[in-house]
Amino acid sequence: MPPLLQLVPAKLLNSSCSLEKTLQCSCSFHGIPTPSVQWWMGGVPVGVDGMDGSLQVTSTVLGPWANSTISLTEEPEMGMRLLCEGKNQKGTHALSILLMSRKSSLASQAFVKGLIQGAIYAGTVIALLFLCLLPLIVKHIRKKQAKKAAAIRAKNSSKVRASQELEMSLKPEEPGKPIVTTFSESHILEKQDKRAS
């Protein structure tokens, strides 16, 4: 009695697509029994080993391997789906290919090119605007820093005056020497300034 062959479901082993003058897609399936290969274009089955207007299908079978190639001589519609299906009694395996028109790829290339140019122009405008505003920003920051520095100096000078007044008032009196405080000096100077005005 001959040994029983073990049944193996159809499995896609290899697929490829190339575009020269025509679009050619190939699928290779393996299985026991040998899978049958069917092409579908936009959900409609394409005839095997024949020509159908803009489509040509050729298939070869060698042992448990089945190979099939489809050639498209006309440009496909945008978004058209091409399906390569291998099937035997144990199972089905398929490959779906989304076809794009050459024209649509040119349109998308032009869109991407325009998008990149727009981004470059926007970046250039933003950089120039920043460079124009930079002196104003620096001037504003320096003005704020000068105000802070003046406030700190004023605060520190009032603290220094207060500590000097406190220091002078705490000094012991020496006989025959009058006590002069910074406060009274500044007070006298202020009075003299007012008289001079």
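How many bridges pair strand β6 with β7, and in which sense, parallel or antiparallel? I looked this up before anything else. β6 (residues 55-62) and β7 are paired over eight bridges, in the antiparallel sense. I was working from a predicted model throughout.

**Entry: β6 and β7**

I went along the β6-β7 pair to find a facing couple, and noted Val61 opposite Ala66 in β7. The two strands form a hairpin, with two residues between them. In that turn I read a positive phi of about 60 degrees for Gly63. Most residues other than glycine have a negative phi.

I then picked Thr58, which sits in β6. Its relative accessibility is 40%, so Thr58 counts as partly exposed. I checked Thr58 against Gly47: they are eleven residues apart in sequence, and their C-alpha atoms are 9.7 Å apart in space.

**Entry: overall layout**

I listed the secondary structure next and got two helices and nine strands. Read from the N terminus, the order is β-β-β-β-β-β-β-β-β-α-α. I also looked up burial for the protein: of its 197 residues, 17% are buried.

For confidence, I noted a mean pLDDT of 78, with 73% of the residues scoring at least 70. Where is confidence lowest, and where is it highest? The lowest mean, 54, belongs to helix α2 (residues 182-196). The highest, 91, belongs to strand β2 (residues 23-32).

**Entry: β2 and its partners**

I stayed with β2. Seven of its ten residues are buried, so β2 is largely enclosed by the rest of the structure. I looked for its partners and recorded two.

One is strand β1 (residues 8-19), which pairs with β2 over nine bridges, antiparallel. A hairpin of three residues joins β1 to β2. Leu19 has Leu23 in β2 as its bridge partner.

The other is β7 (residues 65-72), joined to β2 by eight bridges and again antiparallel. Here I noted Cys25 opposite Ile70 in β7. β7 therefore turns up twice in my notes, once with β2 and once with β6.**Entry: the loop after β2**

I checked the peptide bonds past the end of β2. Ile32 and Pro33 are joined by a cis peptide bond, with omega about -5 degrees. Most peptide bonds are trans. I placed Pro33 in the loop between β2 and β3.

**Entry: β3**

Which residues of strand β3 lie on its covered face, and which on its uncovered one? For β3 (residues 36-41) I wrote down Val37, Trp39 and Met41 as covered. Ser36, Gln38 and Trp40 make up the uncovered face.

I looked up the pairings of β3 as well. Strand β8 (residues 80-88) runs antiparallel to β3, and six bridges join them. Met41 stands opposite Leu82 in β8. Strand β4 (residues 44-46) also pairs with β3 in the antiparallel sense, over three bridges. Trp39 has Val46 in β4 as its bridge partner.

β3 and β4 form a hairpin, and two residues lie between them. Gly42 in this turn has a positive phi of about 60 degrees.

I took Trp40 in β3 as a single residue to follow. Is Trp40 buried, partly exposed or exposed? I read a relative accessible area of 26%, which makes Trp40 partly exposed, since the partly exposed class lies between 20% and 50%. Trp40 and Ser96 are 56 residues apart in sequence, yet their C-alpha atoms are 9.2 Å apart in space.

**Entry: residues 118-138 and the nonpolar patch**

I consulted the UniProt record for annotated features. The unreviewed entry places a "transmembrane region" at residues 118-138. I then checked this span in the model: it is 100% helix and 0% strand, and its end C-alpha atoms lie 30 Å apart.

I also searched for nonpolar surface and found a patch of about 900 Å². Its residues are Leu128, Leu129, Phe130, Leu131, Leu133, Leu134, Leu136, Ile137, Val138 and Ile141.

From the patch I chose Ile137 for a closer look. Ile137 is found in helix α1 (residues 102-170). Its relative accessible area is 38%, so Ile137 is partly exposed.

Terms used:
Residues are numbered from 1 along each chain as its sequence is written. This is a predicted model: local features need pLDDT of at least 70, side-chain atom pairs count only at pLDDT 80 or more; totals for chains, interfaces and linings use all residues. Side-chain values use heavy atoms; hydrogens and water are left out. Patches are made of residues with over 30% relative accessible area and no salt bridge: like charges are joined within 9 Å, nonpolar side chains (Val, Leu, Ile, Met, Phe, Trp, Tyr) within 5 Å. Accessible areas come from the Shrake-Rupley method with a 1.4 Å probe; for residues, only the protein chains shown count as cover. A salt bridge is a side-chain nitrogen of Lys or Arg within 4 Å of a carboxyl oxygen of Asp or Glu. Helices (H or I, at least four residues) and strands (E, at least two) are DSSP runs, numbered from the N terminus. Buried means under 20% relative accessible area, exposed over 50%, partly exposed in between (1.4 Å probe, protein chains only). pLDDT is the predictor's confidence in each residue, from 0 to 100. Two strands pair if DSSP finds at least two bridges between them. UniProt positions are given in the numbering used here, feature names are shortened, and annotations may be inferred rather than shown by experiment.
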